[in-house]
Amino acid sequence: MTITDSPGRSLFTRVRTVVAALFGILVLFAIIQFLPLPRHHHYFWDCIFDTGHILIFGGLAVMLLLILQSLFGSKWLRLQYISVIFVASTLGLLLEIWQGTIGRNSEWIDLTNDVVGILACSAIYAIFDRRHPEPRPRLLQPRVLATMAAVLV
């Protein structure tokens with residue numbers, strides 16, 4: 001599977017990708033909001049919820065990258081990745097602040113896990129993203145990106 005430049009695709013395909021990614025983002029936030037917390041916290045549940053932060057915010061990053069790819073293609077490629085990391089991290093921060101106001105657990109470690117998921121999944125996405133000019137700079141080599149994602153997680 002490779003991720004290619006979007007402007008060559010039809011408008012319908014690009015709009016469908018954006019709508020599907022937006023729907024996916026809504027599903028992720030619904031999971032965050034409505035997933036019932038276990039009554040008795042055990043180490044097992046703490047690990048599951050910590051991992052969930054990584055996966056949910058990693059999924060958010062991928063969906064935001066899909067939206068930007070559909071809208072801009074190869075234009076401003078670095079800015080697309082920087083924007084996704086900034087927007088998704090800001091959403092994670094706002095979500096943690098909001099959770100503290102409604103009586104749910106709000107911790108800095110959750111925000112850290114959110115950012116880890118965002119960075120790791122963005123790196124994995126970049127491995128398959130063929131919009132990068134060839135030859136790739138050293139930092140964008142697939143093995144470097146895979147190592148970064150593995151170290152982060």
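1. The structure holds two salt bridges, a salt bridge being a side-chain nitrogen of Lys or Arg within 4 Å of a carboxyl oxygen of Asp or Glu. This is a predicted model, in which local features need pLDDT of at least 70 and side-chain atom pairs count only at pLDDT 80 or more, while totals for chains, interfaces and linings use all residues. Residues are numbered from 1 along each chain as its sequence is written, and side-chain values use heavy atoms, with hydrogens and water left out.

2. One salt bridge joins aspartate 129 to arginine 131, with the closest N and O atoms 2.7 Å apart. Aspartate 129 is buried, at a relative accessible area of 0%, and arginine 131 is likewise buried, at 7% (buried means under 20% relative accessible area, exposed over 50%, partly exposed in between, with a 1.4 Å probe and protein chains only).

3. Glutamate 134 and arginine 136 also meet through their side chains in a salt bridge, at 3.7 Å from N to O. Here glutamate 134 is exposed, with a relative accessible area of 59%, whereas arginine 136 is buried, with 6%.

4. The second largest pocket is lined by 15 residues, and Tyr81, Ile85, Leu140, Leu145 and Met148 are those that lie nearest its centre. On a 1 Å grid over the protein atoms alone, a pocket is an open set of points where a 1.4 Å probe fits, with protein on both sides within 12 Å along at least five of seven lines, and lining residues have an atom within 4 Å of a point.
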